[in-house]
Amino acid sequence: MTSEIVQHILETPIGTIQLLAQFEKLISVSLPGENGELTDNKDFQIVTRDHSVFKEIVDYIDRYFSGEHVSWEGKYIPDGSDFFRRAWQEAVKIPFGETISYGELARRSGSPRAARAAGSAMARNHLPILIPCHRVIAGDGGIGGFGNSPGVKRELLRHEGVDI
């Protein structure tokens, strides 16, 4: 038996973003240069159609790219380890146009020696922009990691007025 994954394609100033939802829940935001989290296979069938879960997400992303300082704080945080969830919740609190280091994120998440774990949490964030992992950078001020798209991380930071 296959499960249905609903997708929504959103054109943005940085390129095409793919949103995926299942069972009334957003499961993935894929930025340009990334492959979607799931592909059609015997377990999943991806369909494109309007879905109520996308309305709030599309509105949020549109407002973000129009320059509004929006925050996902208090909204849905994905499942993960206790530390990952704390790191994602702290990342959401980083204001538009500001950055912090992985070490600072670890400290704010209650584990000051867990900078690498904070980096892992950001790498496993399936909801970029909503959970702004692009605002977390290396302790030396370098860009740090960002999946297969460090250029997209730079574009998002530039959009927010941060030049790295």
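A salt bridge is here a side-chain nitrogen of Lys or Arg within 4 Å of a carboxyl oxygen of Asp or Glu, and in this predicted model the count by that rule comes to 8 salt bridges.

**Figure 1. The salt bridge between aspartate 163 and arginine 158.** The side chains of aspartate 163 and arginine 158 meet with a distance of 3.7 Å from N to O, which lies within the 4 Å that the rule allows. Side chains of opposite charge can pair when their charged atoms come close. Of the two partners, aspartate 163 is exposed, with a relative accessible area of 66%, while arginine 158 is partly exposed, at 48%.

**Figure 2. A network of salt bridges that links Asp59, Arg63 and Glu68.** Within this network, the side chains of arginine 63 and glutamate 68 form a salt bridge in which N and O are 2.8 Å apart. Arginine 63 counts as partly exposed, with 31% relative accessibility, and glutamate 68 likewise counts as partly exposed, with a value of 36%.

**Figure 3. A salt bridge inside helix α3, between arginine 107 and glutamate 104.** Both residues belong to helix α3, which covers residues 102-108, and they stand 3 residues apart, about one turn of the helix. An α-helix has 3.6 residues a turn, so residues three or four places apart point the same way. The distance from N to O in this pair is 2.5 Å. Arginine 107 is partly exposed at 46% relative accessibility, and glutamate 104 is also partly exposed, at 21%, where the cut-off for a buried residue is under 20%.

**Figure 4. The loop between β2 and β3, with phenylalanine 23 and glutamate 24.** Most residues other than glycine have a negative phi. Phenylalanine 23, however, has a positive phi of about 55° although it is not a glycine, and glutamate 24 also has a positive phi, near 65°. Phenylalanine 23 is placed in the loop that joins β2 (15-22) to β3 (25-30), and glutamate 24 is found in that loop as well. Both side chains can be viewed together with their accessibility: phenylalanine 23 counts as exposed at 68%, and glutamate 24 counts as exposed at 58%.

**Figure 5. The buried face of helix α5 and the elements that cover it.** Helix α5 runs over residues 150-159, and its buried residues are Val152, Lys153, Leu156 and Leu157. Seen down the axis of α5, these buried residues fall within an arc of 135°, so they line one face of the helix. The cover over the buried residues of α5 includes α1 (52-65), α3 and β6 (136-137). After α5 comes glycine 161, whose phi is positive, near 90°.

**Figure 6. The whole chain, as the setting for the close-up views, with its 5 helices and 6 strands.** Along the sequence, these elements follow the pattern β-β-β-β-α-α-β-α-α-β-α. The radius of gyration of the chain is 16 Å, close to the 15 Å that the globule rule gives for 164 residues, so the chain is as compact as a globular protein of that length. The C-alpha trace spans about 45 × 35 × 30 Å along its principal axes, and 46% of the 164 residues count as buried. Among contacts with a separation of 6 or more, 55% are between residues 24 or more positions apart. The chain exposes about 8,500 Å², of which carbon and sulfur atoms supply 47%.

Notes:
Residues are numbered from 1 along each chain as its sequence is written. This is a predicted model: local features need pLDDT of at least 70, side-chain atom pairs count only at pLDDT 80 or more; totals for chains, interfaces and linings use all residues. Side-chain values use heavy atoms; hydrogens and water are left out. Buried means under 20% relative accessible area, exposed over 50%, partly exposed in between (1.4 Å probe, protein chains only). Helices (H or I, at least four residues) and strands (E, at least two) are DSSP runs, numbered from the N terminus. The arc is that of the directions from the helix axis to the C-beta atoms. Contact means heavy atoms within 4.5 Å. The radius of gyration is taken over C-alpha atoms; the globule rule is 2.2 Å times the number of residues to the power 0.38. Accessible areas come from the Shrake-Rupley method with a 1.4 Å probe; for residues, only the protein chains shown count as cover.
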